[in-house]
Amino acid sequence: MKTAGESNVDRLALLAAKDEEVFAALLKSYEPFIFSRVRKISGRPYIDAHDDLASVGIIAFYDAVRTFDADKGSFLPFAETVIRNRVIDQLRLDARAVPTVPLYEENPEDGTEQVSRMVDLQVYASHGEAQEADMRRMEIAALSVQLEGWGISYAQVYADAPKRESGRAEIRRAVGAIIKNPLYLESVLTKKQLPIHVIEKDLGIPRKKLEKSRRFMVASILIASGDYPILREYLQLDLK
């Protein structure tokens, strides 16, 4: 039987799956829970919102909210399981080394050695994954510095992210309009001002939606206009 506390969290999680403001409040309240679980699973002595694993934990928490079924149990144990699995997957990916396998194999017909294209490709793919993990960490660290200049944390970015694809598509349109207009982009990058009124007028996107996703828009603009190829691809922000 669920306790009163568990039932309350479960209700909030179910509401958060449909209401962005409830999700933002829930994420803010349970950010210490997320970071503590990430710290415990990873073995790292300290985790904050700028850590790449913290981002993994926050995304996992969001996915847990989105997929939670109250009939199958309580939310927090479910969220902890999702976070644990995602962090372990990420640690395995980051730790994956280039396998020590021969680049030549014996030709079964005459016993001579020939280059094994398949082995070559396997080594290259594994090495590429390790390199991408390193690049992703560097991009996250660099973006973190930029976001600090705005007084924005990764947790706030994820809290402001639209939960529906239709909402994300509208924000991509808004970001695209800013990126393609040098005056708008300069205003954002130098004055730290989003042209909300102009975007509302030009694209017909309600101001309320733009305001609710303000910090996500800022991060998206920084990614789309900066040297963040991996994050840009992840967020589908190839808008130039």
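In this predicted model, a salt bridge joins Glu80 to Arg37, with 3.2 Å between the closest N and O atoms. The pair links distant parts of the chain, 43 residues apart: Glu80 sits in helix H4 (residues 75-95), and Arg37 in helix H2 (residues 20-42). Both partners keep some access to the surroundings. Glu80 is partly exposed, with a relative accessible area of 30%, and Arg37, at 23% relative accessibility, also counts as partly exposed.

This pairing is one of 9 salt bridges in the structure. As a general point, side chains of opposite charge can pair when their charged atoms come close. A further example starts from helix H4, where Arg86 forms a salt bridge with Asp63 and the closest N and O atoms are 2.8 Å apart. Asp63 belongs to helix H3 (residues 52-67) and Arg86 to H4, so this bridge ties together parts that are 23 residues apart in sequence. The two ends of the bridge differ in their surroundings: Arg86 is partly exposed at 34% relative accessibility, whereas Asp63 has a relative accessible area of 12%. The value for Asp63 falls under the 20% cut-off, so Asp63 counts as buried. The pair is also part of a wider arrangement, since Asp63, Arg66 and Arg86 are linked in a network of salt bridges.

Helix H4 also holds Gln90, which counts as buried at 13% relative accessibility. Beyond the neighbours within four places in sequence, the contacts of Gln90 are with Leu53, Val56 and Arg136.

Further along the chain, Asp160 and Arg215 form another salt bridge, with the closest N and O atoms 2.8 Å apart. Because Asp160 lies in helix H6 (residues 154-160) and Arg215 in helix H11 (residues 214-225), the bridge ties together parts that are 55 residues apart in sequence. Here the acidic partner is the buried one: Asp160 has a relative accessible area of 8%, while Arg215 is partly exposed at 28%.

Helix H11 takes part in helix packing as well. The axes of H11 and helix H7 (residues 165-179) come within 10 Å and cross at roughly 50°. An angle of this size lies between the limits for roughly parallel, under 35 degrees, and roughly perpendicular, 65 to 115 degrees, and the two helices are therefore oblique to each other. The crossing in which H7 passes H11 is right-handed. On the H7 side, the contact is made by Ile171, Ala174, Val175, Ile178 and Ile179. H11 contributes Phe216, Met217, Ser220, Ile221, Ala224 and Ser225.

These local features sit within a chain whose secondary structure comes to 12 helices and 2 strands. Along the sequence, the elements follow the pattern α-α-α-α-β-β-α-α-α-α-α-α-α-α. Of the 240 residues, 40% count as buried. The accessible surface of the protein chain comes to about 14,000 Å², and carbon and sulfur atoms account for 53% of that area. Contacts across the sequence complete the picture: among those between residues at least 6 apart, 61% join residues at least 24 apart.

Terms used:
Residues numbered from 1 in each chain as written. Predicted model: local features only at pLDDT ≥ 70, side-chain atom pairs only at ≥ 80, totals over all residues. Heavy atoms only, no water. Salt bridge = Lys/Arg side-chain N within 4 Å of Asp/Glu carboxyl O. Helix = DSSP H or I, 4+ residues; strand = E, 2+ residues; numbered from the N terminus. Buried < 20%, exposed > 50% of the residue type's maximum accessible area, 1.4 Å probe, protein only. Contact = heavy atoms within 4.5 Å. Areas by Shrake-Rupley, 256 points an atom, 1.4 Å probe, with all protein chains shown as cover. Axes fitted to C-alpha atoms, helices over the stretch in contact; angles between N-to-C directions. Parallel < 35°, antiparallel > 145°, perpendicular 65-115°, else oblique. Left-handed = near helix turned anticlockwise from the far one by under 90°.
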